[in-house]
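Visitor: I would like a close look at one kind of side-chain contact in this model, taken pair by pair.

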Amino acid sequence: DELKKIARDELRETDEIRENAIRAIRDWAMKNPRIATLRLDSKFILRFLRFKKFSIPMAQEALERYLVLRKYVHEGHLIYQNFDYKLPPLLDLINKG
């Protein structure tokens with residue numbers, strides 16, 4: 001009960017809002033050809049919804065940015081395939097902000 005209150009107060013998350021937002025993101029993803037590789041399980045989608053306090057447009061934008069970054073290649077290395085911050089390509093990216 002306490003966690004539900006925190007979720008409602010800080011993230012605007014209720015059972016109804018959560019279900020509707022997940023459904024909206026899934027519908028949007030299935031209609032968007034650029035999102036063909038997106039995971040559609042609830043846990044994955046909830047990360048972005050909670051990160052953006054259940055703002056569907058902002059969560060959609062964050063998901064698109066995530067997918068672009070996953071495909072990001074820096075000096076021949078796919079960043080998300082070897083996510084070690086000590087690797088020079090990733091360290092360079094972090095240092096550049």
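Which residue forms a salt bridge with aspartate 9, and how far apart are the closest N and O atoms?

Guide: In this predicted model, the partner of aspartate 9 is arginine 8, and the closest N and O atoms of the two lie 3.7 Å apart. Aspartate 9 has a relative accessible area of 47% and is therefore partly exposed, and arginine 8, at 43% relative accessibility, likewise counts as partly exposed.

This pair can be set beside others, since a search of the whole structure finds nine salt bridges. One of them joins aspartate 15 to lysine 4, with 4.0 Å between the closest N and O atoms. That pair links distant parts of the chain, as aspartate 15 belongs to helix 2 (residues 15-31) and lysine 4 to helix 1 (residues 2-11), the two being eleven residues apart. Aspartate 15 is partly exposed, because its relative accessibility is 38%, whereas lysine 4, with a relative accessible area of 51%, is exposed; the cut-off that places lysine 4 in that class is over 50%. Both residues also take part in a network of salt bridges, in which Lys4, Glu13, Asp15, Arg18 and Arg50 are linked.

A further salt bridge is formed by aspartate 92 with lysine 96, where the closest N and O atoms are 3.2 Å apart. Here aspartate 92 counts as partly exposed, since its relative accessibility is 26%, while lysine 96 is exposed, with a relative accessible area of 62%.

Definitions and conventions:
Residues are numbered from 1 along each chain as its sequence is written. This is a predicted model: local features need pLDDT of at least 70, side-chain atom pairs count only at pLDDT 80 or more; totals for chains, interfaces and linings use all residues. Side-chain values use heavy atoms; hydrogens and water are left out. A salt bridge is a side-chain nitrogen of Lys or Arg within 4 Å of a carboxyl oxygen of Asp or Glu. Helices (H or I, at least four residues) and strands (E, at least two) are DSSP runs, numbered from the N terminus. Buried means under 20% relative accessible area, exposed over 50%, partly exposed in between (1.4 Å probe, protein chains only).
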